[in-house]
Amino acid sequence: MEQAWEKYEQVLAGLRPLDRVAVAFSGGVDSTLLLKAAVMALGAGRVLAVTADSETYPARERVAAEAVALEIGASQILIQTEELAIPGYAENPVNRCYFCKQELFTQLLAVARERGISHVAFGAIAEDAGEFRPGLMAAREQHILAPLQTAQLLKREVRYLAHGLGLSNWDKPSLACLSSRIPYGHRITPEILTQVDQAEFFLLQLGFRQVRVRHHDDVARIEVLPEDRAAVLDLTALITEKFTRLGYHHVALDLNGYRAGSLNAGLPVTAGVWQSPPSDEPGDS
């Protein structure tokens, strides 16, 4: 994995010329590696971690992010985001993530300006450019930096580097907002988000690490890693009882197992490839 360290040096080299930087910090492994790199390149006093306290993410994720920021030694602030109040978001169109990220980056830029910070960065990685991610367009429009993606770091390399740098969440399972569990076109409500959150938390308490509960009205479709499917079947009665109490009438196990963005199946990849802004555009590093 020598190439991974070479890419990491590219990340550091890209960050060093910056005066100060605000990092969109979710607490996932990608944004954690970016935050660590920013602190290494600039020093803790010139880096600000900004975490969204969002209705579409479990509160436990915010708590975990606070612990990791403290571990790295970075200053952190929380901002409140209310995705369901964003026009067009609750209707759950296929470009839902665009509205979310547009609002997030608008708030991040405002926070940065208030503190005299000229640059905002987020933890997009190489694979994101080849997936359906409308949020990348919002990032490009607002000139948000993506140092890991610019260095073409892959997910496996991010985890390898995070482990090598001693980051405690290097093997943290991938996470996406709870809205991603609801098929496009089905309205998102606080009640559904809570229902999905409680269902997934129950599975996590049972010991499953990578889980998704896809919400199809009164049907819950469970996705776990292929090696965990047999364990889910062994716990059928327990899981069905809990999910029934949560309001699901039917519980299904997806035979394909966990797949990131499985509800995107059949959609055209139209998010486009994130690119660094040309040098004459504002926000260029």
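Q: What makes two strands count as paired?
A: Two strands pair if DSSP finds at least two bridges between them. This is a predicted model, and that rule helps in reading its sheets.

Q: How do you know that strand 2 and strand 3 are paired?
A: Strand 2 (residues 47-54) is joined to strand 3 by 7 bridges. Pairing asks for at least two bridges, so strand 2 and strand 3 pair. The two strands run parallel. In one of these places, A49 has Q76 in strand 3 as its bridge partner.

Q: Which helix packs on strand 2 and strand 3?
A: Helix 3 packs on the sheet and touches both of these strands, and its direction makes about 160 degrees with that of strand 3. Angles over 145 count as roughly antiparallel, so helix 3 is roughly antiparallel to strand 3.

Q: What is the order of the strands in the open sheet of 4 strands?
A: The order is 3-2-1-4, with parallel pairing. At the edges stand strand 3 (75-81) and strand 4 (119-121), each of which pairs on one side only. On average, neighbouring strands here are turned by 30 degrees against each other, direction ignored.

Q: How does helix 2 run relative to strand 1?
A: Helix 2 (residues 29-42) runs at about 165 degrees to strand 1 (21-24), and lies across strand 1, strand 2 and strand 4. With the cut-off for roughly antiparallel at over 145, helix 2 is therefore roughly antiparallel to strand 1.

Q: Why is one side of strand 5 and of strand 7 left without a neighbour in the sheet?
A: The open sheet of 3 strands has the order 5-6-7 and mixed pairing. Strand 5 and strand 7 (250-253) are at its edges with a single partner strand each, so one side of each has no neighbour in the sheet.

Q: How do you know that strand 6 pairs with strand 7?
A: Strand 6 (residues 219-224) and strand 7 are joined by 4 bridges and run parallel. At least two bridges are needed, so strand 6 and strand 7 pair. R221 stands opposite A252 in strand 7. Helix 8 packs on this sheet, where it touches strand 5 and strand 6.

Q: Why is helix 1 called roughly perpendicular to helix 7?
A: The axes of helix 1 (residues 2-15) and helix 7 (residues 155-164) cross at roughly 80 degrees and come within 10 Å. Roughly perpendicular covers 65 to 115 degrees, so the name fits this pair. Where they meet, Q3, A4, W5, K7 and Y8 in helix 1 face E157, Y160, L161 and G164 in helix 7. The residues of this contact divide into 5 nonpolar, 2 polar and 2 charged.

Q: What lines the second largest pocket?
A: This pocket holds about 310 Å³ of space. It is lined by 17 residues, and R60, E61, K172, L175 and L204 are the closest to its centre. Helix 3 (59-72), helix 8 (190-205) and strand 5 (211-216) each supply at least two lining residues. The lining divides into 8 nonpolar, 2 polar and 7 charged residues.

Definitions and conventions:
Residues are numbered from 1 along each chain as its sequence is written. This is a predicted model: local features need pLDDT of at least 70, side-chain atom pairs count only at pLDDT 80 or more; totals for chains, interfaces and linings use all residues. Side-chain values use heavy atoms; hydrogens and water are left out. On a 1 Å grid over the protein atoms alone, a cavity is a set of points where a 1.4 Å probe fits but cannot get out, and a pocket is an open set with protein on both sides within 12 Å along at least five of seven lines; lining residues have an atom within 4 Å of a point. Grid points are joined across faces, edges and corners, and a volume is the space filled by probe spheres set on the points. Ala, Val, Leu, Ile, Met, Phe, Trp, Tyr, Cys and Pro count as nonpolar, Asp, Glu, Lys and Arg as charged, and the others, Gly among them, as polar. Contact means heavy atoms within 4.5 Å. Axes are lines fitted to C-alpha atoms, for helices over the stretch in contact, and angles run from 0 to 180 degrees between N-to-C directions. Angles under 35 degrees count as roughly parallel, over 145 as roughly antiparallel, 65 to 115 as roughly perpendicular and the rest as oblique.
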